[in-house]
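Here are a few exercises to work through with the model open beside you. Try each task yourself before reading its solution.

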Amino acid sequence: MTKLTRDELIPRLARIRLLSLDVDGVLTDGGLYYTDSGEELRKFNVKDGMGIKRARAAGVEVCIISASSTPSIVHRGKRLGVPHVFVSVEDKLQTLTGLCGELGIDLAEVAHIGDDINDLPVLGKVGLPMTVADAVEAVRDEVRFVTERRGGEGAVREICDLLVRARGV
């Protein structure tokens, strides 16, 4: 798929009403940490968090959709004020389509950032499919924009800053 430059991306971002985010490999670096008791931990980037808050303040709805069931994802979403956090999701497209119906948003007005093959169905249907620099090749081939930063290292902030800029805020 033909990639957009940053300058080409800005007017497209101006039409986005909902930013949909995967977690592992997008909001995190994809690494999982385990305690001796078996508790699973993730490291989130505070810069991504600030970007999400700024995008929401600029009027962009944000949702988090993850196949994982780890409670830390729900806690992170709450801390950022993200009202739509979905975990243990087997069909991300169905979940996103349902949310869009509730919010009155067309899939053409959605940007999704995903990094692995379970994101491909969503990336194939949204108006602006995007990924992180270290996404799997199959995903990089199917998106319109690839961030300069890797997942968990400010990639979401990169997109959020562009969203805010696109709104002239």
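**Exercise 1.** Which residues does Thr131 touch, not counting residues up to four places away in sequence?

*Solution.* Start by taking contact as heavy atoms within 4.5 Å. With that cut-off, Thr131 touches Ile113, Gly114, Asp115, Val139, Arg140, Val143, Phe145, Val146 and Thr147. Next, place the residue: Thr131 lies in strand β7, where strands (E, at least two residues) and helices (H or I, at least four residues) are DSSP runs numbered from the N terminus. Finally, check its exposure: Thr131 has a relative accessible area of 0%, so it is buried. The classes are buried under 20% relative accessible area, exposed over 50% and partly exposed in between, with a 1.4 Å probe and protein chains only.

A word on the source before you go on: this is a predicted model, in which local features need pLDDT of at least 70 and side-chain atom pairs count only at pLDDT 80 or more, while totals for chains, interfaces and linings use all residues. Residues are numbered from 1 along each chain as its sequence is written, and side-chain values use heavy atoms, with hydrogens and water left out.

**Exercise 2.** In what order do the six strands of the open sheet stand?

*Solution.* Pairing requires that DSSP finds at least two bridges between two strands. The order is β5-β4-β1-β6-β7-β8, with parallel pairing. Now look at the edges: β5 (84–86) and β8 (145–146) each have a single partner strand, so one side of each is left without a neighbour in the sheet.

**Exercise 3.** Follow the bridges of β6 and β7 through the sheet.

*Solution.* Go pair by pair.

- β1 (residues 18–21) pairs with β6 in the parallel sense over four bridges, and Ser20 has His112 as its bridge partner in β6.
- β6 is joined to β7 (residues 128–131) by three bridges, and the two run parallel. Here Ala111 is partnered by Leu128, Ile113 by Met130, and His112 stands opposite Pro129.
- β7 and β8 also run parallel, joined by two bridges; Met130 has Phe145 as its bridge partner in β8.

**Exercise 4.** Are the side chains on the two faces of β6 buried or exposed?

*Solution.* Recall first that in a regular strand the side chains alternate between the two faces of the sheet. In β6 (residues 110–113), Val110 and His112 sit on one side, Ala111 and Ile113 on the other, and all are buried. Then repeat the check for β7: Leu128 and Met130 on one side and Pro129 and Thr131 on the other are likewise all buried.

**Exercise 5.** At roughly what angle do the axes of α2 and α3 cross?

*Solution.* Axes are lines fitted to C-alpha atoms, for helices over the stretch in contact, and angles run from 0 to 180 degrees between N-to-C directions. The axes of α2 (residues 46–57) and α3 (residues 71–80) come within 10 Å and cross at roughly 50 degrees. That makes α2 oblique to α3, since angles under 35 degrees count as roughly parallel, over 145 as roughly antiparallel, 65 to 115 as roughly perpendicular and the rest as oblique. The contact is made by Val46, Gly49, Ile52, Lys53 and Arg56 of α2 and Arg76, Arg79 and Leu80 of α3.
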